[in-house]
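The following exercises are to be worked with the sequence and the structure at hand. Each task is followed by a solution in steps.

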Amino acid sequence: MRTAEIRRRFLDFFAERGHTVVPSAPLPTPDPTLLFVNAGMVPFKPYLTGEVPAPWPRATSVQKCVRTLDIEEVGRTTRHGSFFQMNGNFSMGDYFKEEAVAFAWELSTASVEGGGYGLDPDRIWVTVHHSDDESRGLWRRIAGLPDERIVARGDEDNFWSMGVPGPCGPCSELYYDRGPALGRAGGPAVDEDRYMEFWNLVFMQYERGEGSGKSDYPILGELPRRNIDTGMGLERMATLLQGVDNLYEIDETRPVLDRAAALAAVRYGADAEADVRLRVVADHVRTALMLLADGTSPGNEGRGYVLRRILRRAVRSMRQLGHAEPALVHLLAVARDCMAPSYPEVAEAYDRIADRAASEEDAFRATLRQGTTVLDTAVAKVKEEGGLTLPGAQAFLLHDTYGFPIDLTLEMAAEQGVEVDREGFTALMREQRERARADARARKAGGTDLSLLRPVLDEHGPTDWRAWDTLTTDSRVLAVLGVTGPAPVVREGEIATVVLDRTPFYAESGGQDSDAGRLSGASVEAEVLDVQRPLPGLVVHQVRVLSGELANGDQVHAAVDPDWRLGARQAHSGTHVLHAALRQVLGPNALQSGSYNRPGHLRLDFPWRGALSPAARSEVEAAANQALRRDLQVRVRWMTLPEAKELGALALFDETYGEKVRVVEIGGAWSRELCGGTHVEHASQIGTVVLTSESSVGAGMRRLEAAVGAEGFAYLARERDLVTRIAEQLQAPSAELPDRIAGLLDRLKSADRENQRLREQADRARAGDLAADATDVDGTLVVTATTDGDARALAITVRDRLPAARPGVVVIGTPAGDQATLVAAVNGAARSAGRDASALVRRLLDGRGGGSPELAQGGGIASERLPGTLDSVRALLSRA
């Protein structure tokens with residue numbers, strides 16, 4: 001049974017039993033504790049925890065998931081995959097254990113003809129929590145399982161919680177006996193390779209308190225409303241029903257593995273280490289396909305870093321298999337064909353996906369070339385100094401600056417007989433991650449610990465958010481928090497995080513900056529500095545008290561700065577207009593992958609190879625402003641997500657959408673996007689869109705920046721004034737400026753070329769004098785000098801003027817501002833005598849620099865040290 005059919009049967013089974021089919025959420029998740037959805041219940045967490053009322057009593061989904069905690073195990077075990085799909089059925093206070101057990105047993109064992117999976121009932125084992133006699137009884141009564149196939153296990157295996165205070169409860173897992181060829185008899189407690197877990201039923205019935213670990217916390221009592229959360233691994237069920245050994249060999253991954261093997265000219269099953277690498281490729285290519293389809297772009301932090309690491313691990317694995325040519329585009333096309341039956345969007349977005357992956361692979365191949373040179377130089381230095389360990393700081397530099405994975409550094413260093421200080425590298429990585437986490441927490445909650453905000457949400461519920469409807473509200477202060485905890489009162493000049501029962505302030509999201517404004521009360525005037533949504537449903541304000549005092553319970557008048565909001569609306573609508581204009585000119589692959597807008601300014605990132613030509617930039621700008629001149633209507637509509645997709649609305653991939661979505665249209669189908677931001681009512685209210693820059697922000701990713709509204713007009717005025725001043729200085733009409741400036745540049749280039757010719761002529765004449773004045777140091781002719789010209793060319797010329805039969809060493813220094821560079825050249829006779837230009841430069845520059853034994857260079861010393869450094873050359877050579 002193909003995986004797409006297993007998926008369809010699951011959804012149909014539960015839909016027929018009253019469950020609402022909920023589409024998979026995008027892999028990027030707004031949950032501040034996660035980068036990607038990593039379990040089927042993540043999109044349902046607000047409903048299961050009671051933070052938000054559930055829109056349906058029972059639901060079912062097949063959720064895309066990415067989990068990279070065990071990425072090093074991918075390919076080495078049968079159970080680890082970085083991308084997987086989780087079939088789930090959920091009850092929010094509706095049915096409980098009996099129905100969950102009955103549903104799982106019926107679907108698992110019903111005949112294929114009857115819509116089930118047809119598993120042999122005599123080969124199914126279950127586990128229950130040792131205290132859960134009710135579940136044991138249900139399995140006996142409903143499924144007829146004997147006691148020996150109902151295994152009692154402890155908290156570590158069969159008790160679930162989210163790791164924080166809140167819902168928890170026992171769980172019951174279903175396992176399938178794959179036969180004696182795969183392991184020992186005795187059930188899942190004995191061998192979890194032979195007995196494969198395929199379904200987990202979580203019974204949320206208790207509330208847990210503070211604590212750590214799997215069982216080190218108190219059970220506070222029964223939940224007022226009990227829930228069901230189940231997860232069936234789609235890939236695991238496919239492994240069972242397709243009769244293969246592991247998830248890498250099912251119909252959605254095996255074709256990728258086979259294509260990788262064909263490209264590398266290896267045979268799967270012939271070599272254990274090669275098999276691991278082929279499985280890594282099969283898994284990672286599929287994961288990358290799904291992440292790219294959901295809008296994640298490779299980058300250096302967060303989600304982008306995870307995707308970049310996965311892509312680079314795939315490329316490296318192909319390289320280890322002996323395939324050095326580009327491979328990702330070939331492999332992704334196979335993965336697309338495997339996944340499109342369940343996820344048509346991967347086919348629709350494939351051109352964009354393939355382009356981003358090809359750009360990343362090209363960049364990584366260049367990284368390999370550049371990083372290999374750096375690594376080889378570092379290893380040579382370690383060995384020259386008699387060491388056998390590459391410092392952790394050097395490994396971190398390779399990782400952080402050149403994108404070199406640590407495992408690649410380990411492998412390549414080992415090939416040269418050198419170990420790597422892994423502990424030092426890990427410590428530096430830990431410091432970097434902690435800085436990043438602290439920065440992310442500070443941005444999300446204005447420096448306030450999220451654990452201080454959750455009780456506010458639990459007590460008062462979601463914020464009554466009015467940003468779409470009004471600029472003012474009369475509000476009550478629900479909480480005043482500092483960095484360390486609740487603050488009794490905030491006085492003039494102090495900054496705090498404030499939670500209101502209702503607010504008109506827009507919280508930063510969807511690329512739109514937060515609103516600015518004031519809180520005014522009987523005894524306080526405060527400035528709103530930032531507005532965030534750190535927890536689903538909760539809006540928090542970072543405020544500075546301008547006068548008086550602010551305390552919990554105060555009544556305040558919350559007012560958004562109307563000029564700020566107008567500018568924000570212009571910028572956000574301008575972003576939509578620019579996006580539509582970009583796609584109109586460049587085509588549908590120019591899909592927004594990131595944006596930021598604030599009053600007067602916007603930026604938009606999109607995948608594209610190479611810079612836009614001036615003509616393309618002008619065409620995009622003209623298309624955007626044409627929309628403004630046509631005064632296209634801006635319309636907001638609410639509809640279901642399937643309706644929005646049917647209309648062709650574009651989605652922001654890092655958002656999670658509910659049953660109803662907000663669609664913003666500008667000129668109807670001309671621009672139609674899912675969006676939660678604030679907008680103008682007609683395109684003409686944007687004023688103008690003026691492109692101010694176009695640049696690269698990574699391999700295959702471009703960024704447009706623009707000024708809008710009053711800032712756009714001010715930018716044009718500044719440009720006009722600049723042109724006027726240049727025209728006056730050149731005494732030429734503005735229309736003739738391009739030709740006049742081109743002529744001046746041509747003359748400057750001609751003068752530069754003449755100056756360069758004269759310098760080279762002077763250097764050639766000087767080279768003869770320098771060679772004639774060479775000093776003999778222990779049989780080696782030595783020349784040192786400085787130049788303001790081309791030090792490399794002078795060093796080579798002087799070296800070639802020295803007698804070929806005698807060893808010769810030339811060192812030329814060039815001061816350039818505060819820093820100086822050195823070039824060293826040695827002739828053939830000097831090389832035969834053991835002289836090495838690269839070693840000499842590194843000794844002169846305290847380990848910096850590099851090159852070949854015949855010619856090397858380096859820099860990084862202060863210009864004032866250059867004379868002394870050159871004076872030391874003779875002493876170094878005499879000791880060598």
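A pocket is an open set of grid points with protein on both sides within 12 Å along at least five of seven lines. The model is predicted.

**Exercise 1. Describe the second largest pocket by its volume, its lining and the helices that contribute to it.**

Solution.
- Step 1: The volume comes first. The second largest pocket holds about 340 Å³ of space.
- Step 2: Its lining consists of 18 residues, and those closest to the centre are Thr-377, Ala-378, Lys-381, Gln-394 and Gly-847.
- Step 3: Two helices, α12 (350–384) and α13 (392–402), each supply at least two residues of this lining. The greatest share comes from α12, with six residues.
- Step 4: Sorted by class, the lining of this pocket comprises seven nonpolar, six polar and five charged residues.

**Exercise 2. Determine how many cavities of 30 Å³ or more there are, and characterise the largest cavity.**

Solution.
- Step 1: A cavity is a set of points where a 1.4 Å probe fits but cannot get out. By this rule, three cavities reach 30 Å³ or more.
- Step 2: In the largest cavity there is about 60 Å³ of space. Eleven residues line the largest cavity; Gly-295, Ser-297, Arg-352, Leu-591 and Ser-593 are the closest to its centre.
- Step 3: The classes in this lining are four nonpolar, five polar and two charged residues.

**Exercise 3. Classify the packing of helices α1 and α3 by angle and by handedness.**

Solution.
- Step 1: Helix α1 spans residues 3–15 and helix α3 spans residues 97–109. Their axes lie 11 Å apart and form an angle of about 135 degrees.
- Step 2: Angles over 145 degrees count as roughly antiparallel, and 65 to 115 as roughly perpendicular. An angle of about 135 degrees falls in neither range, and α1 and α3 are therefore oblique to each other.
- Step 3: The two helices, α1 and α3, cross in the right-handed sense.

**Exercise 4. Establish the strand order and the edges of the sheet that contains β26 and β27.**

Solution.
- Step 1: Four strands make up this open sheet, in the order β21-β22-β27-β26, and their pairing is antiparallel.
- Step 2: β21 (594–598) and β26 (689–696) are the edge strands, each pairing on one side only.
- Step 3: On average, neighbouring strands here are turned by 15 degrees against each other, direction ignored.
- Step 4: Seven bridges join β26 to β27 (residues 701–708) in the antiparallel sense. In this register, Ser-696 is opposite Arg-702 of β27.

**Exercise 5. Explain which strands of the sheet β28-β29-β30-β31-β33-β32 stand at its edges, and why one side of each lacks a neighbour.**

Solution.
- Step 1: The sheet is open, has six strands and shows mixed pairing.
- Step 2: At the edges stand β28 (775–777) and β32 (850–851); each has a single partner strand, so one side of each has no neighbour in the sheet.
- Step 3: β32 pairs with β33 (residues 855–862) in the antiparallel sense over two bridges, and Gly-850 faces Gln-857 in β33.

Methods
Residues numbered from 1 in each chain as written. Predicted model: local features only at pLDDT ≥ 70, side-chain atom pairs only at ≥ 80, totals over all residues. Heavy atoms only, no water. Pairing = 2+ DSSP bridges. Axes fitted to C-alpha atoms, helices over the stretch in contact; angles between N-to-C directions. 1 Å grid on protein atoms, 1.4 Å probe; cavity = no way out; pocket = protein on both sides within 12 Å on 5 of 7 lines; lining within 4 Å. Points joined across faces, edges and corners; volume = space filled by probe spheres on them. Nonpolar A, V, L, I, M, F, W, Y, C, P; charged D, E, K, R; others polar. Parallel < 35°, antiparallel > 145°, perpendicular 65-115°, else oblique. Left-handed = near helix turned anticlockwise from the far one by under 90°.
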